[in-house]
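Work through the exercises below with the model open beside you, and try each task before you read its solution.

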Amino acid sequence: DGRRVPVLVTLATLDGGASTAAAFVVDLSARRQAEAAQRDGAARLRLAMEGGQLGTTDRDLHTGRRTWSPEALAIYGRPTDGLPPTDAEWLAAIHPDDRAWVVPRLEQANADSRQCQLEHRIVRPSGEVRWITLTVSPLRGGSSTDGPPAHMFGIVQDITARHAAAAALAANEARMRQVVDALPVMAWVLTQDGTCLHSNHAWAAYAGDATHHTLAQKLELFHPDDRPRVAAATGVAHAAGTGYDLQARLRRHDGVHRWHRIQMTALPSAAGAQSVSSGEPAAHYVATAQDINRMQADAARIADAEIRLRLIQDCTGTGTWDWNVTTGAVHWSEHQDRLFGRDPAAGPVMASTWRGALHPEDRDRVVAELDAALAGMAPFDSRHRIVRPDGEVRWHRAIGEVRRDPSGAQVAC
């Protein structure tokens, strides 16, 4: 078919004569492919070992001869083209604080002919400390599966970066716990899967203990009427990597449900690769619960008082006003607008609006009465006329009380 293939040609004479010979041709394609695959596999293995900071060691248990890969030598801070360390040098490279437990475990693994994996520190000749994972396995010669091993094969990996990242993460979580514990409100930290990493002291005091280690357990403490709403908001926040702000009732250790403002904030991953605004899952969520039960009760009382006031105004035809002396802004109730014949949509009310509505014959007297009240000389209780926009004149009685700040300066009337 015209292809060129590598071959091995062997010539041999026949019957000892020089005039006749035989040629033997062997196709070497398969062998060359196997050799190329072997070289490619070796290159891939070398790249993988370099990328994973992996090295290999081998010790002949009969001769004591050591063989280390260049990667293993580099991990130990030795020249990559140099000799493997001696027993004494290898022992000295183990961190002094780890040596007492590393050596006995390796010796026991050697004696038992079993695999052993250790994570410990080494000290390079330069004094630099590195973390490694060392895995040693017994190898028996040939195809034998019985008898003593002939070699102890080792794989060493530099895990300094991983160990530093784990230490940094642990330190960050410890600081986060300190911050959460210092909060004056209930707070807890959740992971993406709903595991509760930490609940602060305020939570333990309110709930009666610091358990409820999962989101499902936390949700059980919400009022049954609020629980579906909180669960739905939490699910959306976890899916979008965001937070929420809502109000719900939480059960206290004595069984009483109290209103709380629940706020959840998504924190980005420790590596900083995820952003709360990116819509990606966050690493942690911090939730706080502020007791607003009194605020809710006060709001209900205020709403009830406003209803009562509106009924009184409807029945008596009176209005209310509030004048900020500092800014000049005036707030009129709906009934006050009616009394002055004013359209509420006409814009903001100012002090000049009220003065302009006073009857010209009464204006100076009423303003003087107001100034006297502001000066603290007399209460403000004035009977006077006003002129509506349509020209109609109406008699009003205005009663006001001056509110002052701690220094005594008037603030509002």
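The exercises that follow concern a sheet, the helices beside it and two pockets, all in a predicted model.

**Exercise 1.** Determine in which order the five strands of the open sheet lie, and find which strands stand at its edges.

*Solution.* Begin with the general rule that strands of a sheet pair through backbone hydrogen bonds, either parallel or antiparallel. Going across this open sheet, one meets the five strands in the order β4-β3-β7-β6-β5, and their pairing is antiparallel. Next, look at the two ends of that order: β4 (66–68) and β5 (116–123) each have a single partner strand, so one side of each is left without a neighbour in the sheet. Finally, consider how the strands are turned, for neighbouring strands of this sheet make an average angle of 25 degrees with each other when direction is ignored.

**Exercise 2.** Find how many bridges join β3 to β7, and name the bridge partner of Asp60 in β7.

*Solution.* First locate the two strands, β3 at residues 54–60 and β7 at residues 151–158, which run antiparallel. Counting the bridges between β3 and β7 then gives seven. For Asp60, the partner found in β7 is His151.

**Exercise 3.** Describe how helices α4 and α5 are placed against the strands of the sheet.

*Solution.* Take α4 (residues 96–112) to begin with: this helix packs on the sheet and touches β5, β6 (129–139) and β7, while its direction makes about 150 degrees with that of β5. Then turn to α5 (residues 160–182), which lies across β5, β6 and β7 and runs at about 125 degrees to β6.

**Exercise 4.** Describe the largest pocket by its volume, its lining and the elements that contribute to that lining.

*Solution.* The volume of the largest pocket comes to about 470 Å³. Of its 20 lining residues, Arg59, Arg66, Trp90, Leu106 and Val136 are the closest to the centre. Two or more lining residues come from each of β3, β4, α3 (87–93), α4, β6 and β7. Sorting the lining by type, one obtains twelve nonpolar, three polar and five charged residues.

**Exercise 5.** Do the same for the second largest pocket, and identify which element gives the most to its lining.

*Solution.* The second largest pocket holds about 400 Å³ of space, and of the 20 residues that line it, Gly319, Trp321, Gln336, Arg397 and Ala398 are the closest to its centre. At least two lining residues are supplied by each of β13 (321–323), α10 (334–339), β16 (380–387) and β17 (393–400), and β17 gives the most, with five residues. Sorted by type, the lining of this pocket contains eight nonpolar, eight polar and four charged residues.

Notes:
Residues are numbered from 1 along each chain as its sequence is written. This is a predicted model: local features need pLDDT of at least 70, side-chain atom pairs count only at pLDDT 80 or more; totals for chains, interfaces and linings use all residues. Side-chain values use heavy atoms; hydrogens and water are left out. Two strands pair if DSSP finds at least two bridges between them. Helices (H or I, at least four residues) and strands (E, at least two) are DSSP runs, numbered from the N terminus. Axes are lines fitted to C-alpha atoms, for helices over the stretch in contact, and angles run from 0 to 180 degrees between N-to-C directions. Contact means heavy atoms within 4.5 Å. On a 1 Å grid over the protein atoms alone, a cavity is a set of points where a 1.4 Å probe fits but cannot get out, and a pocket is an open set with protein on both sides within 12 Å along at least five of seven lines; lining residues have an atom within 4 Å of a point. Grid points are joined across faces, edges and corners, and a volume is the space filled by probe spheres set on the points. Ala, Val, Leu, Ile, Met, Phe, Trp, Tyr, Cys and Pro count as nonpolar, Asp, Glu, Lys and Arg as charged, and the others, Gly among them, as polar.
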